[in-house]
Amino acid sequence: MKLLYVLTIILVVTGLSQIVLALYAGSRKPPGAVRVFVSLMTAMALYTLGHAMELNDVTLPGKLFWSRVQYIGIPFIPPLYLLVCLNIAGLEGRVRGWKQALLFPVPMLTSVMAITNSFHCLYYASWSLGDLAGIPVLIFTRGPFYYVHMIYSTIMFITMAFLAFRYMSWKNHLFRAQAMVILSGSVLAWLVYAVYLGGFVPRGLDINPLGFSAISFLLAVALFRYRLFDILPVARESVLDQMPDGFIVFDMADRLVDFNPSASSVIPTLERDALGKAARDVLSVFPDALRALDEDLPDVLSEAVVLD
């Protein structure tokens, strides 16, 4: 039973950390990106904590109940993670409105099919109790609609992996690090899912929520180390770097979050390690620019200074 205790602790800690990340991110901006991230963390927490309850329930009806609870969140994790990746990559504008809506019919149908499976057996063809090192586990045979969910999730994860490799070439090290932490988490999710689907783990052991413990750590790094949602790319590589004018961006706390090469030619001290420094330190030789930052701009998420 020691294995059960270890698995339960890992799952509960991971689930609670996902709730904490959702609450913390909920206080950040911009709201569009945050809503997607909070939804992703909520779906992951439902899966992770639901699986912890399933492992600790020794009855078949109880395990089936907690399996249905997990499927409130499971199908939505791949598309929500993809939307988070698109936000980090500055591509969220390409998937809006009806295009974004197209991501969710399959997850919604998957959730309904899994929750109502006892009426049609199209998601799980059969189910029973098995044994894993003394732990009663849920054993099931995949039904036809399970493969629909499997194919859909694989497409989502492959798309995320493509984004990860594409944005390895970002010039701005902070954006590149931010993107790589988030996108590498998606690659890890895909690898864990592939190992699970390939049958390389004992039958009855779902390693996907266990993999979320590492993924949650990566997301925490993105939030606290690389200031996710404080700094977002928004196509800066193709715009700011080519501007002839020096361009410096500060957040609402007047911290330096970005600058282009032209700004470095005006202020030689602008280097990578200057990111995060206070505006008064960065613009000490530009009093007019400092006065502009001191103006009251309540409806602006960030402030920019153009150096002629």
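Where is the place of A133? It is in the loop between β1 and β2, the latter covering residues 135–142. Hold on to that residue. I will come back to it.

First, the status of what you see. This is a predicted model. The protein chain averages a pLDDT of 79. At least 70 is reached by 72% of the residues. Confidence varies by element. Helix α6, residues 105–115, has the highest mean pLDDT, at 97. Strand β5, residues 302–307, has the lowest, at 49. Over residues 296–304 the pLDDT is below 50. In the model that stretch still has 20 contacts beyond near neighbours in sequence.

Now the overall picture. The protein chain has 14 helices and five strands. It has 308 residues, and 49% of them count as buried. The accessible surface comes to about 14,800 Å². Carbon and sulfur atoms account for 67% of that surface. Next, contacts between residues at least 6 apart in sequence. Of these, 65% join residues at least 24 apart.

Let's start at helix α1. That helix spans residues 2–25, and V12 is found in it. V12 belongs to a nonpolar surface patch with L16, I19 and L23. Together the four offer about 350 Å² of accessible area. Why does V12 count as partly exposed? Because its relative accessible area is 31%, and the partly exposed class runs between 20% and 50%. As for the spacing, an α-helix has 3.6 residues a turn, so residues three or four places apart point the same way.

Next, S216. This serine lies in helix α10, residues 208–224. Is S216 buried or exposed? It is buried, because its relative accessible area is 3%, and buried means under 20%. What does its side chain meet? The side chain of S216 makes a polar contact with the side chain of Q18, at 3.1 Å. Setting aside neighbours within four places in sequence, S216 is in contact with T14, S17, Q18 and L21.

On to helix α3, residues 60–70. Buried residues there are G62, K63, L64, S67, V69 and Q70. Look at the start of α3. A side-chain oxygen of T59 reaches to within 3.1 Å of the backbone nitrogen of G62.

Follow the chain past α3. I74 lies in the loop between α3 and α4, where α4 is 77–88. Though in a loop, I74 counts as buried, at 11% relative accessibility. Which residues does I74 touch, not counting residues up to four places away in sequence? Y47 and H149. There is also T48, 26 residues from I74 along the chain. The C-alpha atoms of I74 and T48 are separated by 9.4 Å.

Last topic: backbone angles. C121 is not a glycine, yet its phi is positive, about 55°. Its place is in the loop between α7, 117–120, and β1, 124–132. C121 counts as partly exposed, at 30% relative accessibility.

And back to A133. Phi of A133 is near 55°, again a positive value in a residue other than glycine. A133 counts as exposed because its relative accessible area is 58%, and the exposed class is over 50%.

To recap the two loop residues: C121 is partly exposed, while A133 is exposed. Both carry a positive phi. That is the tour.

Terms used:
Residues numbered from 1 in each chain as written. Predicted model: local features only at pLDDT ≥ 70, side-chain atom pairs only at ≥ 80, totals over all residues. Heavy atoms only, no water. Patch = residues over 30% accessible without salt bridge, like charges linked within 9 Å, V, L, I, M, F, W, Y side chains within 5 Å. Areas by Shrake-Rupley, 256 points an atom, 1.4 Å probe, with all protein chains shown as cover. Salt bridge = Lys/Arg side-chain N within 4 Å of Asp/Glu carboxyl O. Helix = DSSP H or I, 4+ residues; strand = E, 2+ residues; numbered from the N terminus. Buried < 20%, exposed > 50% of the residue type's maximum accessible area, 1.4 Å probe, protein only. pLDDT = per-residue confidence, 0-100. Contact = heavy atoms within 4.5 Å. Polar contact = N/O pair within 3.5 Å; in protein donor to acceptor, adjacent residues only side chain to side chain.
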